[in-house]
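Me: Please take a close look at one part of this protein chain, and then connect it with its surroundings. I am in my first year and would be grateful for each term to be explained as it comes up.

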Amino acid sequence: MPFKQKLAEKTGLPLKALPSSYQKVGDIILIKLFGSTAGQHKKIGEAVLEMLPYIRTVCMIKGIAGEYRRPRAEVIAGDKNTTTTHKEHGCLYRIDVAKIMFSKGNLSERRRLINQIKPNETIIDMFAGIGYFSIGIAKNSKAKEIYAIEKNPTSFKFLKENISLNKIKNIKPMMADCRFATLPEKADRIIMGYFPGTERFLPKAFSLLKKKGIIHYHNVYKQSELWEKPLEQLRKRAEANGFVLTRIITKKKVKSTAPRTYHIVIDAKFKKQ
Ligand SMILES: C[S@@+](CC[C@H](N)C(=O)[O-])C[C@H]1O[C@@H](n2cnc3c(N)ncnc32)[C@H](O)[C@@H]1O
């Protein structure tokens, strides 16, 4: 029986008050509730706890905002501690789900990226968060060095904890605004896992790229802007910074973020002019 139906049976609430899906992070369930009243939230949370016995906490996500992508979250049932350990692609991630987001929609994207890494690469992860990309890459590839830059002190604390938890030696965590970070070497590959407005960070990305290199460019666009606008932005910004775009390896939608609006990623090769 689908999750929503089961929840309706357990709570006696109408389907429109209930979520049709949930996200599991470690032993915490995250749900979005739109059609229910504050009084019904606890009932829904407790029913979820009964249905999923290995779950400790049910947390309602009311939105995600700001450059740190900080969630607005409220525990509606179970233990009030919102820090948990999540497992993905053989890696462990400590995270406080009430303070930092963990995007389920980016799961296959993280796998796809890991599969592209070649031995001995130097990689810069300009928006490392708690290590979503960096940790998976370090654990599952033969990359030489990964510079993981993160601006938010809360995420940075978890990034460092996750590096030790996964016994990783080749990630250099750096707490900084990536636009002003100084690095000891240039990279074969740069990950720009942030949006919106990622194009503002392209000049810095080009300044950190070797003579030939790959940029993984994430951003958000309207359907009507695909793919002319992002490709034009990449070409123009490359030229303005002394590079040429030599090949689009992949361009794809990662997930929908609003009606007819998409989080996209472009993997592109550049060469110094
Ligand atoms: C959306 S998260 C990363 C998500 C990740 N790509 C995934 O797969 O779920 C983006 C991170 O960039 C960080 N950030 C935002 N602006 C930054 C900046 N100027 N320099 C460094 N980090 C920044 C945020 O704090 C956040 O942790």
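Reply: W227 lies in the loop between β11 and α7; here helices (H or I, at least four residues) and strands (E, at least two) are DSSP runs, numbered from the N terminus. The model is a predicted one, in which local features need pLDDT of at least 70 and side-chain atom pairs count only at pLDDT 80 or more, while totals for chains, interfaces and linings use all residues. Residues are numbered from 1 along each chain as its sequence is written.

The peptide bond leading from L226 into W227 is cis, with omega near 0 degrees. Most residues other than glycine have a negative phi, and most peptide bonds are trans. Another cis bond joins F195 and P196, with omega about 0 degrees, and P196 belongs to the loop between β10 (187–192) and α6 (202–207).

On one side of the loop that holds W227 is strand β11, which covers residues 209–222 and includes L209. L209 is buried because 24 other C-beta atoms lie within 10 Å of its own (20 or more count as buried, 12 or fewer as exposed, and values in between as partly exposed, with C-beta atoms placed from the backbone). Leaving aside neighbours within four places in sequence, L209 is in contact with K186, A187, I190, I215 and F270; a contact requires C-beta atoms, placed from the backbone, within 7 Å. The C-alpha atoms of L209 and E185 are 9.1 Å apart, although 24 residues separate the two along the chain.

On the other side is helix α7, residues 228–240, where A238 is found. A238 also counts as buried, because it has 23 C-beta neighbours inside 10 Å. Residues up to four places away in sequence again set aside, A238 touches F206, F243, V244, L245 and F270. F270 thus appears in the contacts of L209 and in those of A238. By contrast, the C-alpha atoms of A238 and I76, 162 residues apart along the chain, are separated by 48 Å.

I215, a contact of L209, leads on to the interior. Of the 72 residues in the largest nonpolar core, C59, V97, M126, I190, M192, A205 and I215 touch the most other members. This core takes at least three residues from each of domain 1 (3–81) and domain 2 (104–272), bounds that come from an automatic or database domain assignment. A nonpolar core is a set of buried Ala, Val, Leu, Ile, Met, Phe, Trp, Tyr and Cys residues joined through C-beta atoms within 7 Å. M126 touches I149, C178, I190, I191, M192, F201 and A205, not counting residues up to four places away in sequence.

The two domains meet again at the ligand. Domain 1 and domain 2 both give residues to the shell around the ligand, so the ligand lies between them. Of the 20 residues in that shell, N106, F127, G129, N152 and G193 come nearest (a residue is near if its C-beta atom, placed from the backbone, lies within 6 Å). The centres of the two domains, taken over C-alpha atoms, are 31 Å apart.

Finally, the chain as a whole has seven helices and 13 strands, and 37% of its 273 residues count as buried. Of the contacts between residues at least 6 apart in sequence, 58% join residues at least 24 apart.

How values were computed. Two residues are in contact if their C-beta atoms, placed from the backbone, lie within 7 Å.
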